[in-house]
Amino acid sequence: MRYIDPHIHMVSRTTDDYQRMAQAGCVAVTEPAFWAGFDRSSAQGFYDYYRQLTEYEPKRAAQFGIQHFTWLCINPKEADDPGFAREVIAIIPEFLEQKTVLGIGEIGLNKNTKNELIILEEQIALAEKYNQMVLVHTPHLEDKLKGTRIIMDAISASSIEPGRVLIDHVEEHTVSEVLDKGFWAGMTLYPDTKCTPERAADIIEMYGTERLWMNSAGDWGCSDPLAVPKARLEMARRGHSTETIDTVTFGNPQNFLGQCDNFRIK
Ligand SMILES: [Zn+2]
């Protein structure tokens, strides 16, 4: 069995995690640029982070037979100062030429502020200009539905096809609107809070497997880099076929990500 974890922040995980993921069947990860647990003090801090994502992390993953791909952006948590955010956005294009970059992400909203929206729109324009796919972060606060709608409207106002956009962190109350508009939807699995492996299995039973994937979003906080294989076990326990399980944990991510020529499973 093999699986892809399409959203995990490996820069904050240990090599032991890579080893355990490889043992559990992980063959590829994609890592969106995100907050590092603290606000960076300069655009240069992001420059170094993008180098880590594009140069260093693929080599670390390769030691365990895992392919590592990445998405670049300034995340919504650090995008509330437009002047600072624009300095960071200006350094992204040179990194888009790297062979493991899949697109712009994870962009979106955190507290649904005006400034966050301005920078979201400018990064959607960046994706348009460079013909990039997009990976979207939706707010974890009580404003998730409202934030998801604002983000979908901003993308729909651009020329980017919804089939080239994945909207992540969907839950029971947002998944159907996301899928109905033609976007892909990601379920982020957390150990206790938000979407657990059990709730993800429920969502698949309610909405089917089309354009749906799951990921661990493992990062520096409470999270589980083995959440995807645990969800596979939960689905198997409920009697789902191997084919269905493979669709949401391997086939779907491969199909979505494969729209970018840089994504090829060896
Ligand atoms: Zn993330």
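The dialogue below goes through a predicted model, from its overall build to its zinc site and a few single residues.

Biologist: Before I read anything off the model, what should I know about how residues are numbered and which features count?

Modeller: Residues are numbered from 1 along each chain as its sequence is written, and side-chain values use heavy atoms, with hydrogens and water left out. Since this is a predicted model, local features need pLDDT of at least 70 and side-chain atom pairs count only at pLDDT 80 or more, while totals for chains, interfaces and linings use all residues.

Biologist: How many helices and strands are there in the protein?

Modeller: Helices (H or I, at least four residues) and strands (E, at least two) are DSSP runs, numbered from the N terminus. On that basis the protein has 10 helices and 8 strands.

Biologist: What does the radius of gyration say about the protein?

Modeller: The radius is taken over C-alpha atoms, and the globule rule is 2.2 Å times the number of residues to the power 0.38. For 266 residues a compact globule would come near 18 Å, and the protein has 17 Å, which agrees. Taken along the principal axes, its C-alpha atoms fill a box of roughly 50 × 40 × 35 Å.

Biologist: What share of the residues is buried, and what share of the contacts joins residues 24 or more positions apart?

Modeller: Buried means under 20% relative accessible area, exposed over 50%, and partly exposed in between (1.4 Å probe, protein chains only). Of the 266 residues, 57% count as buried. A contact means heavy atoms within 4.5 Å, and among contacts with a separation of 6 or more, 73% are between residues 24 or more positions apart.

Biologist: Which residues coordinate the zinc ion?

Modeller: Donors are N, O and S atoms within 2.8 Å of the metal (3.2 Å for Na, K and Ca), and water is not among the atoms, so sites may look incomplete. Here the zinc ion is coordinated by His-7 through NE2, His-9 through NE2 and Glu-106 through OE, at 2.0 to 2.2 Å. Along the sequence, the donor residues follow the spacing H-x1-H-x96-E. His-9 lies in the loop between β1 (3-5) and α1 (15-23) and Glu-106 in strand β4 (residues 101-108), so the pair ties together parts that are 97 residues apart in sequence.

Biologist: Are these donors buried or exposed?

Modeller: His-9 is buried at a relative accessible area of 5%, Glu-106 is buried at 1%, and His-7 counts as buried at 1%. His-7 lies in the loop between β1 and α1, and its contacts, leaving aside neighbours within four places in sequence, include Glu-106, Asp-168, His-169 and Asn-215.

Biologist: Which residues touch Glu-31?

Modeller: Glu-31 has its place in strand β2 (residues 26-32) and is buried, with a relative accessible area of 0%. Not counting residues up to four places away in sequence, Glu-31 touches several residues, among them the zinc donor His-9 as well as Glu-57, His-68 and Trp-71. Glu-31 and Gly-218 are 187 residues apart in sequence, yet their C-alpha atoms are 9.8 Å apart in space.

Biologist: How should I read unusual backbone angles, and where is there a cis peptide bond?

Modeller: Most residues other than glycine have a negative phi, and most peptide bonds are trans. In this model the bond from Gly-105 to Glu-106 is cis, with omega near -5°. Asn-112 is not a glycine but has a positive phi of about 60°; Asn-112 lies in the loop between β4 and α5 (114-129) and counts as buried at 15% relative accessibility. Asn-131, again not a glycine, has a positive phi of about 50°; Asn-131 sits in the loop between α5 and β5 (133-137) and counts as exposed at 58%.

Biologist: What covers the buried residues of helix α9?

Modeller: An α-helix has 3.6 residues a turn, so residues three or four places apart point the same way. In α9 (residues 227-237) the buried residues include Ala-227, Val-228, Ala-231, Arg-232 and Met-235, and the elements covering the buried residues include β1, α8 (197-207), β8 (212-215) and α10 (242-257). Just after α9, Gly-239 takes a positive phi of about 95°.
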